[in-house]
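Trainee: I have a structure to go through. Can we take it one question at a time?
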Amino acid sequence: MRKKVLLVGASTGGPAQIKDMLSSIETLSCTVVIAQHMREEVLPFFIKDLQDSLSLNILSSPLTTNFSEPSVIICSHTSILKKEAFHYEIINNTQGQYYTPDINILFNSFANFAHEFELEVLIMTGIGSDGIEGAKVLKSKGARIFAQDEASSPVYGMPRVALESGIVDEVKSLDAIKECFRVL
């Protein structure tokens, strides 16, 4: 049975919405990997705030995992997924990064192992189009793609570009996204 992984990409407006979204979850049934655009020196404070204020298992990259224990992994830098003999590693790799962290780089690294996971992708609020090219690759490998709706997005850039690209399976409000977590 393939393990379910939800990949989340967010930018402007994302930190408060991610915290709100995660605070609505009591237990997880899958691993959530989040790439939130943020300056590298600020990311550790964001991660610490989530760890201190939420009851979920909040981890940060780099780390070793087998995705068997549901958790939330926050990318502390641009991160990629690698596979070792009996586990996976989410390691920091800033080579070729345009954003911090670079969502496309993270998504593209998961594409190499798409057959090993049940992948879902959530494109949240943000300026620009980071994550869209990686989401296209994941979509071609069977991932389901969700985009946050315009009404609940503080900045409707990334979700709009995802929708316009034709890869989105479903558009969801932040409240609807939170409901999905309740049934994961």
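Trainee: In which helix do Asp 175 and Lys 178 both lie?

Mentor: First, the ground rules. This is a predicted model, where local features need pLDDT of at least 70, side-chain atom pairs count only at pLDDT 80 or more, and totals for chains, interfaces and linings use all residues. Residues are numbered from 1 along each chain as its sequence is written, and side-chain values use heavy atoms, with hydrogens and water left out. Asp 175 and Lys 178 are three residues apart, about one turn of the helix, and that helix (a DSSP run of H or I, at least four residues; strands are E runs of at least two, and both are numbered from the N terminus) is H6, residues 174-182.

Trainee: How far apart are the closest N and O atoms of Asp 175 and Lys 178?

Mentor: The two form a salt bridge, meaning a side-chain nitrogen of Lys or Arg within 4 Å of a carboxyl oxygen of Asp or Glu. Asp 20 is linked with them in a network of salt bridges. The closest N and O atoms are 3.6 Å apart.

Trainee: Is Lys 178 buried or exposed?

Mentor: Buried means under 20% relative accessible area, exposed over 50%, and partly exposed in between (1.4 Å probe, protein chains only). Asp 175 is at 53%, so Asp 175 counts as exposed. Lys 178 is at 13%, so Lys 178 counts as buried.

Trainee: Which residue does Lys 83 meet in a salt bridge?

Mentor: Lys 83 lies in strand E6, residues 79-83. Its partner sits in the loop between H3 and E8, so the pair ties together parts that are 33 residues apart in sequence. The N to O distance is 3.0 Å, and the partner is Glu 116.

Trainee: Which element gives the most to the largest nonpolar core?

Mentor: A nonpolar core is a set of buried Ala, Val, Leu, Ile, Met, Phe, Trp, Tyr and Cys residues joined through side-chain atoms within 4.5 Å. The largest has 32 residues, and Phe 107 and Phe 110 are among those touching the most other members. Strands E1 and E8 and helix H4 are among the elements giving two or more residues. The top contributor, with five residues, is H3.

Trainee: Why are the buried residues of H4 on the same side, and what arc do they cover?

Mentor: The buried residues are Ile 132, Gly 134, Ala 135 and Leu 138. The arc is that of the directions from the helix axis to the C-beta atoms. They share a side of H4 because that arc is only 155°.
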